[in-house]
Amino acid sequence: MEACTRKQHEMLGWRRTTSMPTESKVFGRANEKDHLIKLLLKEDEDEECGSYSVLSIVGIGGVGKTTLAQSVYNEQAVMDHFDLMAWVHVAEKFDVERVTIQMIESATDKKSDELHNLDSLDKIQRILKEIMIGKKFLVVLDDVWNEISSQWENLRKPFQFAKEGSRVMITTRNQDVAELTAPKEVIYLKGLEDEDYWTFFVQCAFGDTNPKDHPKLELIGTHISKKLGGSPLAAKTVGGVLKSKLEEPHWRGILESRLWQVAQKEDDIIPALKLSYEHLPKNLRQCFVVFALFPKDYLYHKDRLVQIWMAHGFIEPNHGEKRKEDIGAEHIDDLLRRSFIQCVAGSEDMYMVHGLLHDLAESVSNGEHFRIEGDFSVDVPRKVRHLYVHATNMIKIYEHVGELKNLRSLIVFRDSAAMRAWFPWLNFRHVFQETLGKLKGLRVLMIDLPQDILPESLDHLVHLRYLDIQSNSSTELPKSVFRLYHLQGFNLKVAHSQNLQRPLLADMNRLINLRYLNAHPEAISTISGIGKLTSLQGLKEFHLKDKEGYDLGQLKNMKQLRGQLCLRKLELAKSYTESRKAELDNKGHLEKLSLHWTNARTGNIKHGEHEDVLEGLRPHPNLMELHIAHYMGAKPPSWLDNSYALNLEFIELSCCHYLRVLPQFGQLPFLRILQLRSLKAVRHIGSEFYGDPVTAFPSLEELLFEDMVEWKEWLGVGVGRSFPRLCKLCIRRCGKLKGPLPLSASLHNIKIRLAESDFFGPFSRTLVKRTEEIYPITELSIDRVWFLFKCLPQICLASLYQLDISCYFLRSFTNEQEEWLAQLTSLKQLRFSDCKSLRSLPAKLESLPSLEALHIEKCPELKSLPDTCLPTSLKELSIVKCHSILKLQCKPRTGLDWSKISHIPTITIDERDIREELHSLMEG
């Protein structure tokens, strides 16, 4: 036991940190450092913070968290600001007593012997409390791994006695650890930017030697540094090895090696990262090592990655009701929070692995995961179980296939040579078929090739769980694919649209264990009797057809469907009885439902028939998002008119040309977004729109009316409140509507956009945490000038704080419009943009007592400002891409309009600061 304890102590020794900087200069962290210092020195305005607040620095091992914390800790302004400072290296074992003692030791002159002789944590914490009372402290807890909230709660007890403005700064690799401490802010550290990283790398690799004296080494070094992902510790690890021998063969050998093959000490990058790996639960370690199978910079799709894990049994089902897919999604979130993977920018379901962590995955895979890429000349390890191979190297697998009987994954990807016309595809097909014939234990088969190369016979792959085929040719699936009865996941990506009309998946209904099917909706629509796939978890579209096997009854037993479902060609359904067969109300996992009728020409339309069909498509009450398009009934379904669909957050009705009366949307308690488009039969909106509740539309944030060509009147309700949370209201191409609008008198800040363009983005169920402001902002977007002056109730004029006018045909303002503008006593921002015909601004701008900013952009016909002065309250004037005469009129000293604007502090013309130019003139 003593030997084990001593070994742990020695292992901890090389990682132990202190507050003394390890680097004389910190590279590439100026912004992060400045931000942290501001957060440390800023007084807390939030009373809920108590006497102290927590700041967390999160990032993978070796990214520079400790170095940044040391740099901030030793900044003179920080040392002057705090009465008491302490630095503790926490490490894996979060011992509250040890950490408390080390805080006392770091902050005072007390000796550890005195503290260790105390017989209880309570006595030790009372000492820390006495030290902290009335003092503003900064405690840095470096390298924290603890995920047990009770231990953190114990540790922080003495902190409450400190002076307000105290800070605790934590560095950790795990986002969960950071969130456990309820931080005021989390700073996520990524690798250094290229220029900063190269500067640091040169220092590590060349030392005092000038790299210009070794131009070849410098060139090799640029390639090496790009492989290190901006990690400072990786630069120190590899740079130290390079610096030992400034010779080209040595440097080229490092360039051609993988990072984990470079000789390393216990405090270098791979051991540091391996520590994080060892802290993963066993099932997560299995999932992580899969990344070694794919090349660096490979993009992983969430669903397909989970399917691979499931196929290999890496996801252990729990005893509750959680699906394996949900557990897999949790594994991805865990790896994300622990910094093992990162999201791909602009995508919700794509991930990538940092290059250094990919090296780590290779180092811990022990040869079980192997890739054959490019000009391959290394023997395949005998214990390999998962293999990635370029098409051009397939012959080498064929030659050794007798040694690969334990292979569980085979991934064959195209490479540059395989894309050339001369590549021998006929020979490849034979080699591939013979190879697959010997690999009977495969669980995962992924193929990404430009040719149709699947062999006819796949029946022997009885253990196959996941099949992934991607091709840009006229893929023909062999019949044997539909005899892979244990298949759980199937991904088919066919590039050319002409390949989608053929019945590629006609016999897919035989694969009754299939849980995941991803293919183009047109391809899926060819599956007859899809209702036999009762384990299927997702079906994005279902197309009705006027033949057997494609009716709504197919959906009856598909109770596992979740996510989104779109039903198309609903005009083929003729009755309530037929649509009820879908039993949508027993699909409680669906979040989004789209119901589409094909746009029909006017004629003998049986409105009652369509109404019956929609009535029978009643969804489960859990549904959150509903889209209805080209519905040909005259009235809404009853399930939208009562309290049935209470969980709906988003509703869109589009091109329902015969719908005369709107449902009682106002009584849906969680409805956030409502979009009504091209409802040509609606003429009046009144009390039926709001329903019976005291507060109508209690959660609505965005409301859109578009192309309501017959809509004439919008009435409010006489009692109660409506739209208490409305943020955006857009009315476009509703030519017969007359104001005023029934806006609530409780609205405080109103922003109006007068423009033809839409401003509604896609709906997201990821709810952004709303800031509870004293004055919420309501944004109104309309497309006609005259409606602008008729739409707002008199009581709302004083609440308008921002007005954006973008109108092609607006030339000037009438007297009536001028009078309207004069009532905008709270208006702070006024913008004219893309007003191509505008020749004069409102003459009474000076009567706006609160106006602070006036922006004029892309108004080519405007040549002067109003004859009267601009408001004295104005603080900012900007003119962008307007007539050259207007710019001359505003020229300092000599411009005819200069006297009207000389009192404004900030004036910019085409992004030039006029005040600075004036100052230069005066100095000259």
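Here are some short exercises on this predicted model, each with a worked solution.

Residues are numbered from 1 along each chain as its sequence is written. Local features need pLDDT of at least 70 and side-chain atom pairs pLDDT 80 or more, while totals for chains, interfaces and linings use all residues, and side-chain values use heavy atoms, with hydrogens and water left out.

**Exercise 1. Take stock of the chain: how many helices and strands are there, and what share of the residues is buried?**

Start with the secondary structure: the chain has 30 helices and 35 strands. These are DSSP runs numbered from the N terminus, with H or I runs of at least four residues for helices and E runs of at least two for strands. Next, burial: 51% of the 924 residues are buried. Buried means under 20% relative accessible area, exposed means over 50%, and partly exposed is in between (1.4 Å probe, protein chains only).

**Exercise 2. Work out how H12 and H13 pack: what are the angle and the distance between their axes?**

First, find H12 at residues 232-243 and H13 at residues 248-256. Their axes are 9 Å apart, at an angle of about 155 degrees. (Axes are lines fitted to C-alpha atoms, for helices over the stretch in contact, and angles run from 0 to 180 degrees between N-to-C directions.) So the two helices are roughly antiparallel, a label for angles over 145 degrees; under 35 is roughly parallel, 65 to 115 roughly perpendicular, and the rest oblique.

Now look at who meets whom: Val238, Val241 and Leu242 in H12 touch His250, Trp251 and Ile254 in H13, where contact means heavy atoms within 4.5 Å.

**Exercise 3. Do the same for H14 and H18: which residues meet?**

Pick out H14 (residues 269-278) and H18 (residues 355-364), whose axes come within 10 Å and cross at roughly 75 degrees. That makes H14 and H18 roughly perpendicular. From H14, Ile269, Ile270, Leu273, Lys274 and Tyr277 meet Leu356, Leu357, Asp359, Leu360, Ser363 and Val364 in H18.

**Exercise 4. Explore the largest nonpolar core: which members touch the most others?**

A nonpolar core is a set of buried Ala, Val, Leu, Ile, Met, Phe, Trp, Tyr and Cys residues joined through side-chain atoms within 4.5 Å. This one has 159 residues, and Leu410, Phe490, Phe665, Phe689, Phe705 and Trp714 touch the most other members. Helix H26 (residues 785-791) gives the most to this core, with 5 residues. Finally, zoom in on Trp714: leaving out residues up to four places away in sequence, its contacts include Ile685, Tyr690, Phe723 and Pro740.
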